[in-house]
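Biologist: I have not looked at this structure before, and I would like to go through it slowly, one question at a time. Could you bring it up for us?

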Amino acid sequence: MPLIKCEHVSIGYEGQTVVKDLNFIIEKGDYLCIVGENGSGKSTLVKSLLGLKNVEEGRITFGDGLRQSEIGYLPQQNDTQKDFPASVYEVVLSGRLNSRGFSPFYTAEDKRAAKEKMELLGIQDLERQCFRDLSGGQKQRALLARALCATKSLLLLDEPVTGLDPIMTGEFYQLIRKINRESGIAVVMVSHDIESAVEDATHILHLQETALFFGTTEDYRKSRIGRKFLGGVHDGNDL
Ligand code: ADP
């Protein structure tokens with residue numbers, strides 16, 4: 001049983017379909033990159049994976065111990081929560097709220113998890129600092145720790161390196177690789193950075209309303225669409 005199975009999924013806004021007849025699966029430990037042009041439906045799909053938007057047709061099912069409320073989500077950079085007036089520790093700890101409603105009380109286990117994830121990401125020394133005073137790279141680490149607090153099996157990252165400089169970007173990808181390989185946590189990453197995507201991901205979903213391609217990264221490199229897209233990136237020209 002896969003962690004997530006999308007079968008014939010269509011999603012739209014006010015009668016206009018933006019994702020159509022989409023089929024793909026995510027298995028335990030997979031690293032899936034979702035690529036595609038602006039407006040191809042990536043964010044819409046993310047909303048439906050999180051349960052924030054209903055599908056019009058088809059279905060999304062969760063298995064292998066994953067519940068929809070237990071997806072560790074790292075939202076896009078421009079979200080207002082970046083200026084949240086809370087400490088790093090509080091931001092990380094709030095990842096635990098996801099899976100059990102809005103109870104304001106944290107258990108000892110929640111607190112232990114928050115400390116553990118901060119250590120894993122090397123931000124334990126920042127725990128008392130105000131989140132909004134952190135650098136871009138530190139903020140992303142804190143939000144990643146928060147997402148890890150919310151899940152045991154799947155991270156969903158929406159354009160996570162937007163706004164980071166090349167060094168921080170490289171470090172961030174390295175962290176994700178490490179988490180994926182060492183903890184066996186599946187990663188689903190929406191990305192514009194196709195070159196890094198094909199280096200790290202095990203699977204590619206190339207979206208353009210529907211799946212232009214879904215399969216292993218190796219097969220994507222050999223596919224017509226993959227060659228065209230990767231070639232286009234290298235040249236900076238349309239083929
Ligand atoms: P991507 O994330 O790949 O850039 P989106 O999922 O944001 O693509 O958008 C897919 C299509 O859905 C676009 O044509 C966009 O204009 C449309 N769309 C996105 N959000 C809304 C909305 N809230 N209401 C109506 N149309 C929307």
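Biologist: In which helix is the place of Ser183?

Modeller: Before answering, I should say that this is a predicted model, in which local features need pLDDT of at least 70 and side-chain atom pairs count only at pLDDT 80 or more, while totals for chains, interfaces and linings use all residues. Residues are numbered from 1 along each chain as its sequence is written, and side-chain values use heavy atoms, with hydrogens and water left out. Helices (H or I, at least four residues) and strands (E, at least two) are DSSP runs numbered from the N terminus, and on that basis the helix that holds Ser183 is α5.

Biologist: Is Ser183 buried, partly exposed or exposed?

Modeller: The words rest on relative accessible area, with buried meaning under 20%, exposed over 50% and partly exposed in between, using a 1.4 Å probe and protein chains only. Ser183 has a relative accessible area of 42%, so the residue is partly exposed.

Biologist: How far apart in space are Ser183 and Ser153, C-alpha to C-alpha?

Modeller: Ser153 has its place in the loop between α4 and β6, and with a relative accessible area of 16% Ser153 is buried. Along the sequence, Ser183 and Ser153 are separated by 30 residues, while in space their C-alpha to C-alpha distance is 8.7 Å.

Biologist: Which residues is Ser153 in contact with, leaving aside its neighbours within four places in sequence?

Modeller: Contact here means heavy atoms within 4.5 Å. With the neighbours within four places in sequence set aside, the contacts of Ser153 are Leu3, Leu66, Ile185 and Ala186.

Biologist: Turning to the whole chain, what radius of gyration does it have?

Modeller: The chain has 8 helices and 9 strands, and its C-alpha trace spans about 50 × 40 × 35 Å along the principal axes. The radius of gyration is taken over C-alpha atoms, and the globule rule is 2.2 Å times the number of residues to the power 0.38. For 239 residues a compact globule would come near 18 Å, and the chain agrees with this, having 18 Å.

Biologist: What percentage of the contacts with a separation of 6 or more comes from residues 24 or more positions apart?

Modeller: As background, 49% of the 239 residues of the chain count as buried. Among contacts with a separation of 6 or more, the share that belongs to residues 24 or more positions apart is 67%.

Biologist: Which element gives the most residues to the largest nonpolar core?

Modeller: A nonpolar core is a set of buried Ala, Val, Leu, Ile, Met, Phe, Trp, Tyr and Cys residues joined through side-chain atoms within 4.5 Å. The largest one has 45 residues, of which Ile123, Leu144 and Ile204 touch the most other members. Elements that give two or more residues to this core include β3 (31-35), α3 (108-120) and α5 (166-183), but the one that gives the most, with 7 residues, is α4.

Biologist: How many residues are in the other core, which lies apart from it?

Modeller: Among the members of this other core are Ile4, Cys6, Ile26 and Leu156. The number of residues in this core is 25.

Biologist: What is the relative accessible area of Leu157?

Modeller: Leu157 has its place in strand β6. Not counting residues up to four places away in sequence, Leu157 touches Leu74, Leu144, Ile176, Val187, Val188, Met189 and Val190. Leu157 is buried, and its relative accessible area is 0%.

Biologist: How many of the 9 residues of helix α1 are buried?

Modeller: The buried residues of α1 are Lys42, Thr44, Leu45, Val46, Ser48, Leu49 and Leu50. Helix α1 (residues 42-50) is therefore largely enclosed by the rest of the structure, and its number of buried residues is 7.

Biologist: Which residue with a positive phi follows α1?

Modeller: Positive phi values also appear in residues that are not glycine, including Asp21, at about 45°, and Asp64, near 55°. Asp21 is found in strand β2 (residues 16-26), whereas Asp64 is in the loop between β4 (57-62) and β5 (72-74). After α1 the phi is near 85°, and the residue is Gly51.
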